[in-house]
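Dear colleague,

I am handing over the structure we spoke about, and below it you will find an account of what turned up in it. Please read the account with the structure open beside you.

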Amino acid sequence: MKLFSQLRWFFVLEWKRYLGAVTLLITIAMLQLLPPKLVGIIVDGITRQSMSKHTLLLWVCLIAGTALVIYLLRYLWRTLLFGASYLLAVKLRNNFYCQLSRQPPDFYLRHRTGDLIARATNDVDRVVFAAGEGVLTLVDSMVMGCAVLIVMSVQISWQLTLLSLLPMPIMAIFIKHYGEELHKRFRVAQAAFSSLNNRTQESLTSIRMIKAFGLENYQSRLFSDVAIDAGDKNMNVAKIDARFDPTIYLAVACANMLAIGGGSWLVLNNQMTLGQLTSFIMYLGLMIWPMLALAWMFNIVERGSAAYSRISSLLTEVPDVADGNLSLPADRGVLALDIIRFDYPIAEAAQEKKNASLQNIHARLEPGKTLGLCGATGSGKSTLLALIQRQFDVTEGEICYHSLPLTQIKLDEWRGRMSVVSQTPFLFSASIAENIALGNPSATAEQIERAAALACVHEDILNLAQGYQTEVGERGVMLSGGQKQRIAIARALLMESEILILDDALSAVDGRTEFQILQNLRHWGQDRTLIISAHRLSGLLHANEILVLQDGHIAQRGTHLELTAQHGWYRNMYRYQQLEAALDE
């Protein structure tokens with residue numbers, strides 16, 4: 001029953017639908033009490049030979065009319081009740097998706113994709129089922145059961161009613177125990193289903209690598225182990241689930257036996273008529289559904305409660321990066337980096353603070369200028385770019401734009417001012433034109449082609465069979481790495497953002513194409529801020545300032561000419577790359 005309390009916010013929001021459905025359910029329950037009463041009257045009238053054919057036909061027609069009205073009312077309450085529960089599914093999934101979109105990268109280190117998909121699909125379905133069928137069975141069983149009990153006790157015999165219901169308390173004890181055990185086992189089963197989802201998602205996304213290494217049989221065995229484990233966990237749930245119905249039917253059988261035995265004794269002693277006993281047995285038959293419904297409700301509500309606890313644990317998780325409340329001025333501003341220290345949250349939690357991920361990073365980037373970042377692998381380039389995008393907050397110090405700390409600026413506004421291209425761009429399973437226009441869906445064909453030309457991918461696209469309407473497949477499987485990078489750059493350029501971040505975004509293109517793209521960017525971004533992180537130093541030749549990072553701090557800084565004149569990592573690496581390029585030629 002805890003689930004209904006947790007979903008109180010939705011019941012209040014959709015109170016009209018639920019009030020209408022409950023009213024119809026009560027009306028139907030009252031109407032269902034009429035046929036047994038009429039059957040009893042007919043039986044007594046026929047046994048006493050005091051009922052005419054006209055009266056008999058009238059009672060039969062009344063029973064048939066009652067059945068028709070009940071049919072129509074059932075259609076109406078199903079529309080109201082289940083329509084409301086489907087709205088709950090939409091709201092839960094929207095809230096779930098919005099929550100996922102607000103989470104920083106650290107969140108996705110703790111939660112795997114398959115598990116998140118399972119919570120957004122299977123768990124939501126269980127909650128929705130409980131909000132629909134659960135409410136139905138609760139109201140229907142309570143109203144119907146109480147109404148039948150009152151009629152049996154008041155109009156027929158309270159002694160026989162009490163005798164017939166002796167097995168019910170024992171049944172209730174067993175049902176409660178089954179419900180508690182079901183909750184535990186279903187939560188474990190849902191976790192196993194998440195693991196199965198994870199294994200499926202990883203296998204499908206890495207299928208090309210699996211086939212390349214000939215690991216099909218090995219991966220099949222791993223998948224089989226996870227599938228068998230999930231099946232065993234669900235079988236444990238089924239074993240508890242299978243105990244509900246036999247317990248109820250046994251209790252109902254005992255109740256019927258007591259009712260027939262006790263009722264026969266009352267009829268023989270002239271304390272009850274045969275028609276009354278017939279009505280009583282029919283009313284007792286109506287009690288079967290409330291009892292079944294009660295057990296079924298415990299079943300689906302416990303499943304829904306376990307599922308909702310998995311969903312709410314994520315919905316209530318507060319993002320590590322809190323939203324600000326300040327708006328940015330309309331014009332372009334200065335980006336100022338004053339990072340004293342930064343540690344990743346996982347490192348902080350583990351108290352691994354001997355070496356900070358970044359420390360003493362200070363820079364000032366004016367509109368129209370280009371900042372270059374370079375350094376050995378693991379030197380902190382991607383970490384610095386993540387802080388600029390505010391995927392994490394600086395541990396000590398701050399990053400400012402327009403002299404406003406990023407922590408005080410609205411996240412949507414700040415991230416709306418920049419475009420980012422990573423080393424491994426993600427393409428959706430759609431056409432090339434749709435992928436380029438991702439950030440600007442209203443862009444015209446001319447604008448899309450202009451952005452593609454700036455990214456030096458226009459000619460490549462025209463050489464494809466369907467041009468810009470070519471479907472790229474899942475994650476851009478139909479394209480080469482260089483084509484995917486250039487399409488991602490075109491996507492970023494189309495957004496016309498005032499800050500463009502290239503995180504080693506030219507690593508998969510050849511030197512000549514890289515030079516042409518950088519030339520295009522110089523003309524495109526004359527009044528825009530450009531931040532380029534690169535391993536290939538030829539991409540930083542025209543940067544206004546270059547930061548050479550080493551172990552999270554600035555080892556060297558200056559222009560390309562200044563750095564090549566200094567002893568250090570930059571000059572050594574540049575000479576090495578020049579020699580490598582010469583040998584390749």
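**What was found**

L335 stands opposite L365, a residue of strand β2. Please keep in mind throughout that this is a predicted model.

The pair just named belongs to a longer run of pairing, in which β1 and strand β2 (residues 358-365) are joined in the antiparallel sense over seven bridges. Strand β1 also pairs with strand β4 (residues 396-401), again in the antiparallel sense, and here the bridges number six; within that pairing, I339 has G397 of β4 as its bridge partner. Strand β1 itself, which spans residues 335-342, is mostly covered, with six of its eight residues buried.

A further part of the structure is an open sheet of six strands, which follow the order β6-β7-β8-β3-β9-β10 and show mixed pairing. Its edge strands are β6 (418-421) and β10 (553-558), each of which pairs on one side only, and the twist from one strand to the next averages 15°. Inside this sheet, strand β7 (residues 499-503) and strand β8 (residues 529-533) run parallel and are joined by five bridges, and I501 stands opposite I531 of β8.

Two helices deserve a look alongside these strands. Helix α16 (residues 381-388) lies across β3 (370-375), β6, β7, β8 and β9 (545-550), and runs at about 145° to β3. Helix α21 (residues 481-494) packs on the sheet, where it touches β6 and β7, and its direction makes about 180° with that of β6.

In strand β10 you will find Q556, and you may ask whether this residue is buried or exposed. Q556 counts as buried because its relative accessibility is 9%, under the cut-off of 20%. The side chain of Q556 makes a polar contact with the side chain of Q566, at 3.3 Å, and a polar atom of the Q556 side chain also lies 3.3 Å from the backbone nitrogen of W569. If neighbours within four places in sequence are left aside, the residues in contact with Q556 include I546, L547, V548, L563, H567, G568 and Y570.

Finally, there is the matter of empty space: the structure holds three cavities of 30 Å³ or more. The largest cavity has about 70 Å³ of space in it, and among the residues that line this cavity are L502, D504, A505, L506, S507, I532, S533, A534 and R536.

With kind regards

Key. Residues numbered from 1 in each chain as written. Predicted model: local features only at pLDDT ≥ 70, side-chain atom pairs only at ≥ 80, totals over all residues. Heavy atoms only, no water. Pairing = 2+ DSSP bridges. Helix = DSSP H or I, 4+ residues; strand = E, 2+ residues; numbered from the N terminus. Axes fitted to C-alpha atoms, helices over the stretch in contact; angles between N-to-C directions. Contact = heavy atoms within 4.5 Å. Buried < 20%, exposed > 50% of the residue type's maximum accessible area, 1.4 Å probe, protein only. Polar contact = N/O pair within 3.5 Å; in protein donor to acceptor, adjacent residues only side chain to side chain. 1 Å grid on protein atoms, 1.4 Å probe; cavity = no way out; pocket = protein on both sides within 12 Å on 5 of 7 lines; lining within 4 Å. Points joined across faces, edges and corners; volume = space filled by probe spheres on them.
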